[in-house]
Amino acid sequence: MRCTVQRRAILEAVLDLDNHPSAEQVYEAVTPRLPGVSKTTVYRALESLAELGVITKACHPGAVARYDCRTELHHHLICLHCDSVLDISDERLDELAVPDTSGFGFEVTDFRVQLRGICRRCREHSRREEST
Ligand SMILES: [Zn+2]
Ligand SMILES: [Zn+2]
């Protein structure tokens with residue numbers, strides 16, 4: 001399967017970027033290693049890696065999906081200004097009681113908590129602007 005080489009390079013890019021990259025960012029990171037690779041190939045590979053559970057498709061902080069190389073339970077701090085996504089592990093969040101969703105015919109298999117706000121960098125940036 002010729003996809004295997006591509007997929008591996010794409011997976012490695014997700015691991016290297018290590019910051020919940022978007023498909024676009026992964027595409028940019030793999031092009032030097034996979035010359036001529038199409039955007040569609042990268043997007044599809046990311047989708048199938050997510051389906052296989054090798055990576056997870058994280059939240060949609062902005063308009064685009066983000067991919068996460070950590071598949072174990074963890075949660076996210078999402079900056080509303082710059083769309084950065086930080087990992088946070090917290091037992092209290094892990095133990096959060098999930099409501100009964102059977103009325104929706106919906107089975108919960110997993111959950112992630114997204115805490116939204118302003119990241120340190122953006123806060124420092126806006127503070128600097130205020131003082132000038
Ligand atoms: Zn930010
Ligand atoms: Zn994450």
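These legends walk through several close-up views of a predicted model of a protein chain with bound zinc ions.

**Figure 1. The whole chain, from the N terminus on, is a mix of helices and strands.**
Before zooming in, it helps to get your bearings. The protein chain has five helices and five strands. Reading from the N terminus, their order is α-α-α-β-β-β-β-α-β-α. Along the principal axes, the C-alpha atoms of the protein chain fill a box of roughly 55 × 50 × 25 Å. The protein chain has 132 residues, and 32% of them count as buried. Now look at contacts between residues at least 6 apart in sequence: 46% of these join residues at least 24 apart.

**Figure 2. Four cysteines hold the zinc ion (ligand 1).**
Which atoms coordinate this zinc ion? They are the SG atoms of C79, C82, C119 and C122, at 2.2 to 2.3 Å. Along the sequence, these donor residues follow the spacing C-x2-C-x36-C-x2-C. C79 belongs to strand β3 (residues 75-79) and C122 to helix α5 (residues 120-131), so this pair ties together parts that are 43 residues apart in sequence. The angles between the four donor atoms at the zinc ion (ligand 1) are 105 to 113°, and the arrangement is therefore tetrahedral. To count as tetrahedral, four donors need all their angles between 85 and 135 degrees.

**Figure 3. Cysteines of the zinc ion (ligand 1) site can be buried or partly exposed.**
Here the same cysteines are viewed for their accessibility. C79 has a relative accessibility of 2%, so C79 counts as buried. C122 is also buried, because its relative accessibility is 13%. The cut-off behind both statements is that buried means under 20% relative accessible area. C82 has a relative accessible area of 31%, which means that C82 is partly exposed. You may wonder about bonds between cysteines: how many disulfides does the structure hold? The number is zero.

**Figure 4. Histidines and aspartates surround the zinc ion (ligand 2).**
The protein donors at this site are H20 (NE2), D68 (OD), H74 (NE2), H76 (NE2) and D87 (OD). They lie 2.0 to 2.1 Å from the zinc ion (ligand 2). Their spacing along the chain is H-x47-D-x5-H-x1-H-x10-D. H20 sits in the loop between α1 and α2, while H76 is part of strand β3, so this pair ties together parts that are 56 residues apart in sequence.

**Figure 5. H20 is a zinc donor in a loop.**
Where is H20 placed? H20 is found in the loop between α1 and α2. Is H20 buried or exposed? With a relative accessibility of 4%, H20 counts as buried because it falls under the cut-off of 20%. H76 is buried too. The backbone of H20 is also worth a look: H20 has a positive phi of about 50°, although H20 is not a glycine.

**Figure 6. Strands β3 and β4 form a hairpin.**
The two strands run antiparallel, and four bridges join them. Follow H75 across to β4 and you will find I88 standing opposite. Five residues lie between the strands of this hairpin. One feature of the loop between β3 and β4 is D83. Phi of D83 is near 65°, a positive value in a residue other than glycine. D83 has a relative accessibility of 27%, so D83 counts as partly exposed.

**Figure 7. S84 makes contacts in the loop between β3 and β4.**
S84 also lies in this loop. Its relative accessible area is 17%, which means that S84 is buried. Which residues does S84 touch, not counting those up to four places away in sequence? They are R66, L77, I78, C79 and C119. C79 and C119 are also among the residues that coordinate the zinc ion (ligand 1).

**Figure 8. The largest nonpolar core brings helices together.**
This core has 18 residues. I10, V26, V30, V42 and L46 touch the most other members. The elements that give two or more residues to the core are α1 (3-17), α2 (23-30) and α3 (39-52). Nonpolar side chains tend to be buried together in soluble globular proteins. Take V26 as a guide: leaving aside its neighbours within four places in sequence, V26 is in contact with I10, A13, V14, L17, P21, V42 and L46.

Notes:
Residues numbered from 1 in each chain as written. Chains lettered and ligands numbered in written order. Predicted model: local features only at pLDDT ≥ 70, side-chain atom pairs only at ≥ 80, totals over all residues. Heavy atoms only, no water. Donors = N, O, S within 2.8 Å, 3.2 Å for Na, K, Ca; no water. Tetrahedral: all angles 85-135°; square planar, octahedral: opposite > 155°, others 65-115°. Buried < 20%, exposed > 50% of the residue type's maximum accessible area, 1.4 Å probe, protein only. Core = buried A, V, L, I, M, F, W, Y, C linked by side-chain atoms within 4.5 Å. Contact = heavy atoms within 4.5 Å. Disulfide = S-S within 2.5 Å. Pairing = 2+ DSSP bridges.
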